[in-house]
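Got the viewer open? Keep the selection box handy, and we'll go from the whole chain down to single residues.

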Amino acid sequence: MPARQSVSVALMFAVGSRYESPELAGISHFVEHMLFKGSDRYPGSKEVAEAIEGIGGELNAATDKEATMYWARVPGDRLNEAVAVLSDMVLHPLMDEEEVDKEREVIIEELRMYRDSPGDHVHTIFEEMMWPDHPLGVDIAGTEENLPAVNGTRMREHLATHYTAQNLVVVIAGNVDHPEALEATAPYLGDFRGGAGAKYPPAQSLAGGVNVQVIARPTEQVNLVLGTRCIDYFHPDRYAIDMMNTVLGEGMSSRLFLEVRERRGLCYDVHSWAGKMADTGSAGVYIGTDPGRTEEAVKAVMEELRRMAGEPVGSTELEKARAYLKGRMVLRLESTGAVSTWLGGQELLTNRIILMEETLAALDRVTAEDVMRLAHETYASQPLQLAAIGPLKNEDRLAGLITWS
């Protein structure tokens, strides 16, 4: 990206919360936190932060269900410093037990913060319903009950198992060519240990029948998630489900926004998603609404799901969704950070990089019949799950509303 003034470096590991045992749930996320607490060359969190912020850059990390990523974005002439900091963090962390104990309390407060936010916590409840008794159904940060079992020794074992050369993708984007990238990384990343890492447990089949779970709380709004399983990111229809989801609930011109919010005034926030993983995925709708209008809101959402699955999308609406998806991709990939994580994520999770031009061409091939078929295969052909937090009592009435027939 020769026109950019920044360079972004990401170290991406093929490990996340779905790799974890029940007693060590949250260890991937805990490790991510601890790597900012000091390393051999940067002995404390202050030194780690200043090493990047002191050259005008930014440093961060993220843990997901299938990947953990550490990244830095710095001025274009400071690539070597970024690689030095990131590599020392992941190769030589201190893992001081006193710092581990302090950070455990920080993560517990993080869990409590999300639990106190109904709009966030309802998604956790929904995932527990989608993947019961499975790592995919556990919060990425773990649980307050099991975090005391995660200590420095366990985290060092986690690093030895998963932070290996075969489990790592290093991606650099910006005004730098390949020989420069190799020269910058070779002195720092040659020490990575071998090993292919552990395997994750496959996703289990979703039990039949609709499922409703209500957490009764005296909130001003009912926060509600309605959805089910969807295809994985290897599936040939992955672009069609993205198009279906865009028509349904992405942006202010989507069906859900226009019908449920603008025409009926049932909510402030309503949107949909389609999230894909290696062997499964989830698709659904979130809405926050007045407790007295909950049933009306659920009926309105179901009407739109039935329309998506039963009627082809009109050509004008389909082309609008296509332009939305393509435009969002082009705009998002103007940043060196976005390019690095997009390309690196593909390499890490699928062992193949599909460039933007190929992705745009694949979106152009999606038809109205594809969209309707994916909506039917997703929402009409699988048992719907509903999670809600708010002053509600009658789960049976909600269950009756989300039966497809």
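Start with a cartoon view: the chain has 15 helices and 9 strands. Keep in mind that this is a predicted model. Zoom out and the C-alpha atoms fill a box of roughly 60 × 45 × 35 Å along the principal axes. Is that in line with a compact globule? What radius of gyration does the chain have, and what would a compact globule have? The chain comes in at 23 Å, which agrees with the value near 22 Å for a compact globule of 405 residues.

Now switch on a surface. About 18000 Å² is exposed, with carbon and sulfur atoms supplying 51% of it. Buried residues make up 52% of the 405 residues. If you like contact maps, take the contacts between residues at least 6 apart in sequence: 82% of them join residues at least 24 apart. Colour by charge next, and you'll have 38 positive and 62 negative charges, with mean positions 5 Å apart.

**Into the cores**

Hide the surface and select L226 and L386. These two have the most contacts inside the largest nonpolar core, a set of 53 residues. Helix α10, residues 294–310, gives the most to this core, with 8 residues. A second, separate core has 46 residues, and L59, V100, L168 and L189 are among them. As a general point, nonpolar side chains tend to be buried together in soluble globular proteins.

Go back to L386 and show what surrounds it. Setting aside neighbours within four places in sequence, L386 is in contact with M129, N211, V212, Q213, L224, V225, L226, V298, L398 and I402.

**Helix α9**

Select residues 255–263, which form helix α9. Which residues of α9 are buried? They are R255, L256, F257, E259 and V260. Show the partners too: the buried residues of α9 pack against α8 (238–249), β7, β8, α10 and α11 (315–332). After α9 comes G265, with a positive phi near 60°.

**Two loops with an unusual phi**

Most residues other than glycine have a negative phi. Pick M95, in the loop between α3 (79–91) and α4 (97–115). M95 is not a glycine, yet its phi is positive, about 55°. Buried or exposed, where does M95 fall? M95 counts as buried because its relative accessibility is 3%.

Then jump to N351, in the loop between α12 (336–350) and α13 (356–364). N351 also has a positive phi, near 60°, in a residue other than glycine. N351 is exposed, though, with a relative accessible area of 65%.

**Two more loop stops**

Select T280, in the loop between β7 (267–276) and β8 (281–289). T280 has 6% relative accessibility, so it counts as buried; the cut-off for buried is under 20%. Beyond neighbours within four places in sequence, T280 is in contact with W131, L136, A203, R229, C230, I231 and D232.

Last pick: F36, in the loop between α1 (27–34) and α2 (45–53). Leaving out neighbours within four places in sequence, F36 is in contact with S45, V48, L59, N60, A61, Y70 and M89. You've met L59 already, as one of the residues of the second core. To finish, draw a distance from F36 to E357: their C-alpha atoms are separated by 37 Å, and the two residues are 321 apart along the chain.

Methods
Residues numbered from 1 in each chain as written. Predicted model: local features only at pLDDT ≥ 70, side-chain atom pairs only at ≥ 80, totals over all residues. Heavy atoms only, no water. Core = buried A, V, L, I, M, F, W, Y, C linked by side-chain atoms within 4.5 Å. Buried < 20%, exposed > 50% of the residue type's maximum accessible area, 1.4 Å probe, protein only. Helix = DSSP H or I, 4+ residues; strand = E, 2+ residues; numbered from the N terminus. Contact = heavy atoms within 4.5 Å. Rg over C-alpha atoms; globule rule 2.2 N^0.38 Å. Areas by Shrake-Rupley, 256 points an atom, 1.4 Å probe, with all protein chains shown as cover. Lys, Arg positive; Asp, Glu negative; His and termini not counted. Charge placed at Lys NZ, Arg CZ, Asp CG, Glu CD.
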